[in-house]
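Here's a quick briefing to read with the model open in your viewer. Have the sequence to hand as well, and hop between the two as you go.

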Amino acid sequence: MSLALTGRWARPDVPNLLRRHWPLLPLAATVLFLLAPLPAGDATASGKVGPADAASLLLVLVCAVQALRGRVRELSPLGVLVLGAPAVGLAVATMTAGDPYAALPGFVRYLQVFVLVPAAVVLLVRDAAEFRLAAGCFVVLALVQGAVGVVQYATHTGASYQGEDVRAVGTFGPGDVMGMATVVAYGLIVATAAALAPGLPRRLRRIAGGCALVLVLPLVLSFSRGAWIATFGAAVLVMALAGIRRALKVVAALAAAGVVLVGGFGVGSEMVAERLTSITQVSSAPDQSVTDRYTMWAAAESMWRERPAVGVGLKGFPSHRDGHASLGLSSGSDTAGAGQAYLRQPLLSPHNMYLLILSEQGLIGLIALVGGWAALLVAGLRRLASGGGVRDCGLIAIGLFVWQLTDFLYADIGGPSTVLTGVIIGLAAWWALPSRGAGPLCGAAGPARGAAADKEASAGAGSRGRSPGVAARP
């Protein structure tokens with residue numbers, strides 16, 4: 001049967017679905033394997049290769065095999081340039097580093113997240129139905145991690161925050177306090193976009209709206225200011241793109257949920273208020289975490305001025321930090337709770353992805369990476385504004401991508417959820433860069449196909465129900 005959303009519900013033929021969409025299994029695993037908990041007390045586990053990273057490598061391998069067999073999407077020259085240019089900047093930053101061998105692990109990690117995984121997603125996801133499957137995995141991950149986080153807050157088994165073990169961190173542990181906030185925000189944006197998207201079945205939109213409301217609570221209990229800001233900005237953009245009337249309904253529902261949760265039940269009201277107030281005090285009375293961030297930003301800028309073209313090399317920020325940072329920088333951040341004893345983690349990055357790229361890769365790396373992201377954003381917005389493709393995929397892709405670009409102002413890569421950054425860039429590129437020779441509805445797998453196509457696919461006929469310009473799989 002077809003996975004197209006045609007406004008009616010059919011009973012899924014699981015064996016047939018697996019046969020037709022098996023190359024997507026590593027993609028789903030890359031997202032869902034983040035449900036696996038980290039070992040208790042191992043705060044350094046976030047820097048190691050986890051199950052999701054292994055699944056992403058399998059995803060790249062499957063893509064390579066399918067490409068050799070000629071069964072992937074065909075990229076335009078612009079797509080090849082945008083997805084391949086970062087590899088050049090990474091190679092330059094590695095070769096010009098003071099210690100190329102020390103920079104090599106950084107090269108592999110950046111290549112995985114910003115080149116290989118996005119390219120694999122673009123090439124393997126054939127149509128809107130498979131795009132929706134990938135996006136749905138984000139919602140499943142967010143709901144499970146969010147539920148764990150709410151339980152942690154309610155039972156005082158979360159990470160330490162203001163002397164209490166109440167910070168919701170999901171299965172990521174206190175060593176990666178941003179992990180749960182990140183994946184919950186991803187799921188909230190996907191659910192919000194699906195709830196607002198025209199053309200989807202009303203029942204599906206209602207379920208998506210309910211998921212979005214549910215995910216507000218764990219996001220609030222993460223006490224992550226950066227995730228709040230990025231989610232607010234991305235959600236406002238998605239609502240504006242979907243239409244003012246639909247946006248007002250969502251804003252009203254979210255406001256009501258906030259009043260009930262924080263005002264009515266008092267869920268973290270004092271801590272949330274303090275955290276919100278601290279956002280506006282970054283210059284007048286900043287806390288130590290804000291002071292450390294500003295100090296590391298200044299250090300990153302100083303490194304770039306020292307080597308403006310190529311930077312200090314991948315993985316070079318920690319070794320150059322003390323030579324460029326002021327005395328206002330603390331020795332690290334305190335972590336405890338959620339099954340881990342007290343541990344002080346060193347500050348090894350500037351917590352700003354753009355400054356990290358600038359300091360370690362210089363202008364060459366910044367232009368290659370950020371220039372490509374800007375091109376994807378502009379192309380994606382233009383396609384959505386023109387009415388091409390299926391709007392729910394466009395809203396999801398743009399919402400996730402804008403969230404990530406906004407969050408990069410306050411965070412950089414690190415931790416198990418980093419691999420999802422590559423998936424999001426891939427989904428954004430899939431939307432922004434249609435296949436060569438594709439029609440205006442490239443990627444659409446919706447109502448245009450009709451019941452006859454559904455019947456043909458269900459019967460296992462030779463037709464694969466593929467989109468124009470997309471190669472078929474056996």
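Let's start inside: Arg-132 and Asp-392 are both buried, and they form a salt bridge whose closest N and O atoms sit 2.8 Å apart. Arg-132 belongs to helix H6 (residues 128–155) and Asp-392 to helix H15 (residues 391–407), so this contact ties together parts that are 260 residues apart in sequence. Keep in mind that you're looking at a predicted model.

**Salt bridges**

- The structure has four salt bridges, and the Arg-132 to Asp-392 pair is one of them.
- Asp-53 forms another with Arg-109, with 2.8 Å between the closest N and O atoms. Asp-53 is in helix H3 and Arg-109 is in helix H5, so here the linked parts are 56 residues apart in sequence.
- How do the two ends of that pair fare for accessibility, buried or partly exposed? Asp-53 is buried at 5% relative accessibility, while Arg-109 is partly exposed at 22%.
- Arg-126 pairs up with Glu-130, and their closest N and O atoms are 3.0 Å apart. Both Arg-126 and Glu-130 are buried.
- As a general point, side chains of opposite charge can pair when their charged atoms come close.

**Aromatic rings**

- The count of aromatic pairs comes to ten. Take Tyr-110 and Phe-114: their ring centres are 5.5 Å apart and the planes meet at 40°, so the pair is classed as tilted.
- Why do Tyr-110 and Phe-114 sit about one helical turn from each other? They're four residues apart in helix H5 (residues 100–124), and that spacing is why about one turn separates them.
- Tyr-110 is buried, with a relative accessibility of 5%, and Phe-114 is buried too, at 3%.
- Another tilted pair is Tyr-294 with Trp-297, at 5.5 Å centre to centre and 50° between the planes. These two are three residues apart in helix H12 (residues 288–306), so about one helical turn separates them.
- Tyr-294 is partly exposed at 38% relative accessibility, and Trp-297 is partly exposed at 21%. The cut-off for buried is under 20%, so Trp-297 at 21% doesn't qualify.
- Which residues join Tyr-110 and Phe-114 in one aromatic cluster? Tyr-354, Trp-373 and Phe-408 do.
- There's a charge over a ring as well: Arg-383 lies over the face of Trp-431, 4.2 Å from the ring centre.

**Nonpolar surface patch**

- Leu-58, Leu-61 and Val-65 make a nonpolar patch of about 260 Å² on the surface.
- Leu-61 is in helix H3 (residues 51–68) and is exposed, with a relative accessible area of 51%. Asp-53, from the salt bridge above, also lies in helix H3, but Asp-53 is buried.

**Strand pairing**

- Strand E1 (residues 159–161) runs antiparallel to strand E2 (residues 164–167), and the two pair over three bridges.
- Tyr-161 has Glu-164 in E2 as its bridge partner.
- The hairpin of E1 and E2 has two residues between the strands, and Gln-162 there takes a positive phi near 55°.

**Backbone oddities in the loops**

- Lys-315 isn't a glycine, yet its phi is positive, at about 65°. Look for Lys-315 in the loop between H12 and helix H13 (317–324).
- Is Lys-315 buried or exposed? Lys-315 is exposed, with 51% relative accessible area.
- His-351 is also no glycine and has a positive phi, of about 55°. This residue is in the loop between strand E4 (340–345) and helix H14 (353–386).
- His-351 is partly exposed, at a relative accessible area of 26%.

**A contact to check by eye**

- Leu-219 is part of helix H8 (residues 202–221) and is buried, with a relative accessible area of 6%.
- How far from Val-183 is Leu-219, C-alpha to C-alpha? Those atoms are separated by 9.4 Å, and the two residues are 36 residues apart along the chain.

Technical notes. Residues numbered from 1 in each chain as written. Predicted model: local features only at pLDDT ≥ 70, side-chain atom pairs only at ≥ 80, totals over all residues. Heavy atoms only, no water. Phe/Tyr/Trp six-rings, centres within 6.5 Å; stacked < 30°, edge-to-face > 60°. Buried < 20%, exposed > 50% of the residue type's maximum accessible area, 1.4 Å probe, protein only. Lys NZ or Arg CZ within 6 Å of the ring centre and 35° of its normal. Patch = residues over 30% accessible without salt bridge, like charges linked within 9 Å, V, L, I, M, F, W, Y side chains within 5 Å. Areas by Shrake-Rupley, 256 points an atom, 1.4 Å probe, with all protein chains shown as cover. Salt bridge = Lys/Arg side-chain N within 4 Å of Asp/Glu carboxyl O. Pairing = 2+ DSSP bridges.
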